[in-house]
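Visitor: Could we go through this complex together? I would like to begin with the terms and then move from chain to chain.

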Amino acid sequence: MKEAHHGEGDKKTYRYGMVVDLDKCTGCGACMVGCMAENNLPFRKDNSDRTRSMLWMRVYKISNGRTFPNSDISYIPRPCQHCEGKDHHHATPCVSVCPATVTDYSHETGIVSQIYTRCFGCRYCMAACPYHVRVFNWWDPTWPKGMKKYLNPDVSVRMRGVVEKCSFCYHRLQRARDKAYAEGRAELHENEYQTACTQACPAGAINFGDLNDPHHKVYKLKKDPNAFRLLEKLGTNTKVYYVSSKAWVRKAGNAYTGMQGDVVIPG
Amino acid sequence: MKLDRRTFIEILVGFSAGAGAGIMLTPVNWKIMDDMAIWSQEMWPRYQLGGLKGKLPERGKVTHEDTVCKLCPGGCGITVRKVKDRATKIEGRDGYPVNNGGICLLGASGLQLLYGPWRVPGPLKRSGKRGSGAFGRISWEEAIDEVVHKLTDLRDKGEAHAVAAILDSDRGTVPQLFSRFLKAYGSPNFIRTASDQDTYELALNLMQGAEDSVGYDLEGANFILSFGSGLIEGWGSPVRVIQAHSKWRSGNGDRARVVQIEPRLSNTAAKADNWHAVRPGTEGALALGLAHVIVKESLYDPMFTANHTFGFEDWNDFTGKIYMGFKSLVLTEYSPQSVSDITGLSPRKIVALARAFAEADRPIAVWGRGKGTTSGSLYECMAVHALNALVGNINKPGGVSTRPDVATQPWAEVVQDATACTCFNMPRVDGAGSSRYPLTKYLPDRWPQVMDGGNGGIKALLVNGADPYFTTMDSAAVAKAFEHIPFVVSFSSYLDETAYHADLILPNHHYLERWEDMPTPVGLHKPVLGLLKPVVSPQFDTRHVGDVIMTIAKSLGGKVADSFPWEDYKTALKETVGEKWGALEEEGFVEDANPASEGSFGTPSGKFEFYVTAFDQAGMTMRKDEEYLPHYAPIKPEGNPVLYPLLLVPTELMRLADGAVGNPPFCTKTLEENELKGDGLFVEINPMTAADYGLSEGAHATLATPKGKAKVLVNLTEGIMPGVIGIPKGLGHKAYDDYLAGKGVNANSLIGVVEDPVSGLCATWGIRAKLTRV
Amino acid sequence: MDSASLPFDQALFPEGTKRCKLKWFLLWIAALHGPLTVGAIAAVLCWGLALNVTNLNNNYPFGLWIAADLGVIALGAGAFFTGFLRYIVKIDELKNIVNFAVVIGVVCYAAAQGILGVDIGQPLRGWFIFWHANVHSMLTEVAFCITAYFMVLLIEYLPLVLENRQINKLGFFHGMAHHLHEAMPAIAAIGVFLSFFHQGSLGGVPGVLYGRPFAFREGFLVWPWTFFLFILSAIACGPCFTILITWITEKCTGKKLVKRNVFDILARISGRLLAVYLVLKTIDTIYWIALADKAGAPFSSFYANQPYGYWVLVLELGALGVIPMLILLGEKTRKNENLLILACVLNCSGIFMNRWIMTVQALAVPVMSFDKFVPYIPNWVEFASTLLFVWAGAIVISISYRYLPIFPQEKELNPQ
């Protein structure tokens with residue numbers, strides 16, 4: 001893996017990642033729908049069971065646990081965190097456990113991939129992920145009559161019995177690269193490759209780009225003193241940063257369950 | 001046979017090698033494995049896309065087309081990504097003056113509505129009992145004939161005034177065509193569905209003499225004081241407000257302070273810098289309390305109040321009679337202590353808030369409860385608006401102005417024949433414009449109530465762009481009123497509640513399939529005219545409602561037909577837009593400057609009137625001076641407090657559409673687990689109150705009000721005032737289909753109409769209720 | 001004895017043994033097919049309608065199936081461990097039970113693979129685990145070792161089949177059986193090697209999940225401590241399971257099949273291993289608490305959600321650990337058959353509980369502070385399809401017992 005990181009000639013490496021401004025996030029859910037529409041996520045007549053609902057992007061509602069009228073809520077949009085891991089023995093949690101090499105961490109882009117047609121549904125990766133970003137196809141995906149017309153050909157429709165997750169809209173990167181290649185460019189502009197949720201967010205709360213590139217917005221935003229990552233202490237080394245001016249939100253994002261006692265409860 | 005060790009090993013090795021080689025070399029194994037892999041990956045029959053050739057989903061040339069979203073009054077510009085002739089994604093349109101690239105979740109779900117099974121496939125005629133959902137397909141000619149026949153009949157009997165039309169808006173060419181049709185035909189009954197615009201338009205008419213609704217320069221303001229407006233929930237043009245919020249939250253000079261007044265921790269309250277929970281229905285009192293402090297501490301704009309307002313100071317008429325001004329009223333009646341007693345907010349907080357508001361550079365007081373889907377109390381609206389006048393932030397950048405439209409070509413006056421003339425001047429079915437409510441334009445919540453009383457009635461109802469059967473308060477009364485209408489025609493693209501209870505459905509094109517103009521979105525302070533363009537060809541046997549209404553008019557013949565000189569709707573639209581058409585078609589929108597100028601008011605006094613003189617002019621009799629002024633006139637919730645000890649307030653979830661368009665599956669999927677579980681809708685209640693009634697999280701309960709009863713689930717939250725129950729609006733559909741129908745209860749079925757004594761509009765903010773464990 | 005009253009199929013019985021009438025035997029087998037059919041229906045539902053028919057969800061990607069899988073493999077450790085003791089440590093007495101241990105092992109490992117076949121979402125692609133193997137995954141290691149070891153087990157089982165009275169009459173098979181017996185120490189050694197690895201790797205499955213503080217353990221090289229604990233706990237309980245199943249078989253057949261001194265050897269070894277295990281497990285637990293606490297996950301949060309209270313820890317290590325250990329260590333208690341069986345039951349329950357804790361409870365404990373605890377109770381489909389392999393196992397054992405010379409001491413203990 002080390003070779004891939006530094007080797008391969010002069011191929012430039014990127015670390016695509018996100019910075020979500022929770023002060024701006026209103027929890028409106030446009031990112032969730034943008035993602036569902038972009039990535040052909042199926043839906044069912046009853047989706048109210050969140051433990052089986054197919055969401056690549058899930059907006060968590062959290063509460064500060066205080067009583068009326070001192071109560072407060074915040075939202076945490078949670079795509080795949082695209083964990084980088086630390087080293088060979090501490091690699092991306094889901095990648096090292098997958099028995100069939102379905103999922104991989106690309107050191108070129110920093111994106112954790114998933115090959116749906118190779119996954120045989122053992123769900124070990126789901127057990128490995130503390131962020132619940134991975135969802136399993138408990139059902140055959142079906143669409144009401146006529147609705148398949150809106151499906152996006154850039155993203156394959158998944159079959160029952162496999163695990164899927166947010167890909168940082170990898171197909172958009174491919175499209176952007178194709179375009180750049182056709183135009184004889186080696187480099188992408190920052191706005192050429194944006195995820196569907198970033199594009200959908202009406203608040204501009206979700207920022208996406210190359211965390212390594214000083215010219216990208218995310219590079220600066222991740223250095224905000226109020227920036228934090230989810231469960232940073234685990235050492236998953238995620239590439240999704242959050243910014244909140246509220247101390248209790250930062251604490252909730254960083255902490256294990258139970259640590260904060262009665263301060264944070266699921267909203 | 002004697003077997004020695006050697007032979008055995010030979011046999012064993014030979015056998016193993018043979019078997020191994022055989023297995024490896026036989027293509028059957030590899031073929032089977034390969035087939036299993038492929039079959040489980042691609043060939044599984046269910047994954048194949050019916051109707052589309054080849055592998056799924058079909059590829060093709062990708063194009064992007066711009067149009068405007070029509071799913072709410074927000075009017076956002078959208079870009080539709082197409083693959084060949086399929087629309088595959090809706091995204092916000094970059095550079096559009098309303099939403100600049102942003103989109104909301106409803107807008108992003110539009111394709112589910114376009115391609116959804118809840119579309120009306122073509123003209124339908126009711127074949128079973130009304131409300132049974134039994135319809136049969138008929139041809140467009142038959143459908144139009146039916147309507148023409150019925151309307152001719154009524155007109156021949158001199159009952160043209162018994163026809164009514166309910167629409168979601170009265171602006172833009174399509175509502176104007178309906179309005180024109182009714183006028184030419186002879187009916188005064190053009191009804192617009194309820195919204196806070198009803199009251200705000202009236203308040204602006206009374207205080208500023210303006211014909212228009214309100215526009216807020218939210219982007220320019222730096223202090224936003226919201227009286228229960230769900231700014232984040234989807235108020236006004238939702239994406240625009242969310243973008244304004246992000247601006248308020250940015251670190252530079254655009255930073256604004258937001259204060260939310262609301263009994264519940266809505267998302268707006270949570271995103272606000274300060275959240276002040278006041279008792280529901282007392283917002284008006286708080287506004288006046290703030291006015292008290294502002295006046296008392298002389299924090300108001302002396303120039304504006306002196307030069308551009310009327311009725312601020314006490315005044316006397318030519319007879320020398322002294323009338324009370326706004327200043328005296330607030331100073332005597334609304335001291336922080338007395339307002340604190342009403343609202344429950346401490347005097348200290350009231351004073352601090354008033355100071356902060358008045359001392360801000362560009363403060364705005366925003367009114368319109370929730371998403372603005374109810375009309376509301378007139379005096380409350382006036383009280384809040386008076387705050388804007390006090391700080392002199394009317395018709396200024398960063399302030400409040402009227403909402404203007406881009407100027408278009410006026411149509412020729414309708415020439416009415418005798419029948420039309422007679423019938424058109426008959427009283428309206430809802431009582432708007434009558435001597436009792438002379439200043440009100442539409443009373444959308446009142447017509448089912450008065451029909452119920454047998455007070456005249458509608459004999460034919462045309463509904464377009466609205467779903468009054470679902471969205472009107474007091475569902476039982478609405479159902480009964482519908483039963484009394486012998487002929488209901490819906491132009492809906494979807495099988496919504498009203499269409500479901502109609503006799504005929506003449507489906508309009510979906511908004512992505514048609515031409516239409518989109519006037520300035522709700523709450524915007526700058527004129528924008530957007531254009532809906534067909535992005536996909538009609539998916540079903542639908543027709544543009546504009547064409548249909550013109551065909552009906554032409555079939556009626558005579559003067560009615562003469563009023564519609566255009567060949568078709570698109571011609572009418574082009575002519576209406578006039579010289580701007582080229583730019584509009586090219587760009588998809590045209591903008592104008594706001595014509596409103598500081599200090600010009602259309603009131604009798606030519607000034608901003610704290611003291612409304614228009615009441616007298618309209619012949620309304622007010623008993624006391626204070627009734628001419630913004631004052632606190634509590635709207636009492638229905639129900640006996642002994643029988644119904646709690647207060648039920650309708651709430652709004654930002655991920656749940658509660659207007660004329662049913663929530664698409666994508667949006668329903670985003671609802672939280674403590675909002676919808678299975679078919680059960682959660683009501684919010686404070687844990688303290690819940691404990692009093694023995695209710696735990698997720699408990700099943702019966703919610704009863706004087707208007708009805710419903711089974712609900714209980715969500716305990718510290719985000720709501722003790723003693724108050726919050727019920728989200730938007731669920732409880734019986735129409736649409738399994739993805740929406742049967743989920744939850746319609747909040748409107750539990751809440752009745754309390755009329756505002758002056759406007760006659762529905763001023764309901766809640767109702768008394770009882771919650772019992774099941 | 002009158003030949004007419006002999007069972008119809010008596011010619012197939014092991015030399016010098018007595019078996020019930022064929023009709024009773026068939027009736028018994030038929031009776032087992034009742035629940036087996038229910039299990040088969042459950043499995044078919046899973047394959048036909050996808051896994052939504054279970055109570056598993058995205059919070060519980062692992063449930064009863066995986067816990068049961070890890071459980072039966074641990075219980076099946078009796079096969080390789082008895083083989084190890086018999087052929088490598090050369091405790092000769094164990095030849096009297098090693099055959100049956102192999103049969104039990106075959107059943108356990110077949111069950112494990114069968115359960116996995118239902119558990120995975122795309123069973124038709126199950127072979128991708130070999131085809132696209134990821135060498136870093138503990139599960140890959142498990143899959144390879146289990147498959148290989150299952151083949152070893154079948155080779156160990158084969159001579160028993162060949163020694164059937166009629167089959168053995170064929171010279172070729174007789175010879176083959178004989179030579180296989182001769183090769184058994186080598187085969188057993190391979191089995192031991194493979195077993196150590198996959199038992200350990202199963203421990204590695206939860207142990208490497210550093211995103212789940214409840215399951216995560218530090219370790220030695222690539223192996224988390226659970227790797228070693230799982231091996232140890234498996235060999236500590238495997239012999240007890242062999243004793244237990246033998247005892248149940250005795251009760252069912254109404255015969256003594258194995259001499260008590262054989263039981264005693266296994267029980268004694270089991271008790272000592274259990275003692276070692278418990279010491280190490282206690283050290284591990286203390287270290288785990290410190291590790292989790294250092295990383296910010298207070299120990300109390302692991303036991304904050306019912307039904308996973310502290311009682312879980314007490315029950316697992318105390319009632320299902322220390323008690324059987326004491327019984328097995330004490331010579332007097334060990335020789336009391338009732339107490340011995342009690343100890344075996346407790347020990348086997350303990351292993352199952354441990355596997356449940358390391359998989360299901362590990363997933364039940366919320367990690368993000370705003371995660372909600374969600375309860376999980378397996379539904380009938382999961383139970384029935386898991387138990388399917390118990391019934392199938394009972395059938396295999398019944399047939400094996402009836403026709404194969406599994407118990408060398410049977411003739412001696414039950415003179416005609």
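Guide: A residue is called buried if 20 or more other C-beta atoms lie within 10 Å of its own, exposed if 12 or fewer do, and partly exposed in between, with C-beta atoms placed from the backbone. By that rule, buried residues make up 59% of the 774 residues in chain B.

Visitor: What kind of model is this, and how is it numbered?

Guide: This is a predicted model, in which local features need pLDDT of at least 70 and side-chain atom pairs count only at pLDDT 80 or more, while totals for chains, interfaces and linings use all residues. Residues are numbered from 1 along each chain as its sequence is written, and chains are lettered from A and ligands numbered from 1 in the order in which they are written.

Visitor: What ipTM and pTM does the predictor give the complex?

Guide: The ipTM is 0.93 and the pTM is 0.92.

Visitor: And what is the mean pLDDT of chain C?

Guide: For chain C the mean pLDDT (the predictor's confidence in each residue, from 0 to 100) is 91, and 99% of the residues of chain C reach 70 or more.

Visitor: Back to chain B. How many helices and strands does it have?

Guide: Chain B has 28 helices and 30 strands. These are DSSP runs numbered from the N terminus, with helices (H or I) of at least four residues and strands (E) of at least two.

Visitor: What radius of gyration does chain B have?

Guide: The value for chain B is 30 Å, which agrees with the figure near 28 Å for a compact globule of 774 residues. The radius is taken over C-alpha atoms, and the globule rule is 2.2 Å times the number of residues to the power 0.38. Along its principal axes, the C-alpha trace of chain B spans about 140 × 70 × 55 Å.

Visitor: Which sheet in chain B is parallel?

Guide: One such sheet is open and has four strands in the order S11-S10-S9-S15 (chain B), with parallel pairing. Strands S11 (274-276) and S15 (363-366) of chain B stand at the edges with a single partner strand each, so one side of each has no neighbour in the sheet. Two strands count as paired if DSSP finds at least two bridges between them. Strand S10 (residues 257-261) of chain B is joined to S11(B) by three bridges, and B:Ile261 has B:His276 in S11(B) as its bridge partner.

Visitor: Which sheet is antiparallel?

Guide: An open sheet of three strands, in the order S20-S21-S22 (chain B), has antiparallel pairing. Its edge strands are S20 (516-518) and S22 (589-591) of chain B, each pairing on one side only. S20(B) and strand S21 (residues 528-532) of chain B share three bridges, and B:Glu516 has B:Leu532 as its bridge partner in S21(B).

Visitor: Where do the side chains of strand S27 of chain B point?

Guide: They alternate along S27(B) (residues 700-705): B:Ala701, B:Leu703 and B:Thr705 point to one face and are buried, whereas B:His700, B:Thr702 and B:Ala704 point to the other and are not.

Visitor: Which strands pair with S27(B)?

Guide: Strand S28 (residues 708-716) of chain B pairs with S27(B) in the antiparallel sense over six bridges, and a hairpin joins the two through two residues. Within that pair, B:Ala704 is bridged to B:Lys709. Strand S30 (residues 767-773) of chain B also pairs with S27(B) in the antiparallel sense, over four bridges, and there B:Ala701 is bridged to B:Arg773.

Visitor: Now the interfaces. How many residues of chain B are in contact with chain A?

Guide: In chain B, 62 residues are in contact with 49 residues of chain A; contact requires the C-beta atoms of two residues, placed from the backbone, to lie within 7 Å. H9(B) gives the most to this side of chain B, with six residues.

Visitor: How many residues does the contact between chains A and C take from each?

Guide: It takes 51 residues from chain A and 47 residues from chain C. The largest share of the side of chain A that touches chain C, four residues, comes from H4(A).

Visitor: Finally, how much of chain A is buried?

Guide: Buried residues make up 61% of the 267 residues in chain A. The secondary structure of chain A comes to eight helices and eleven strands.
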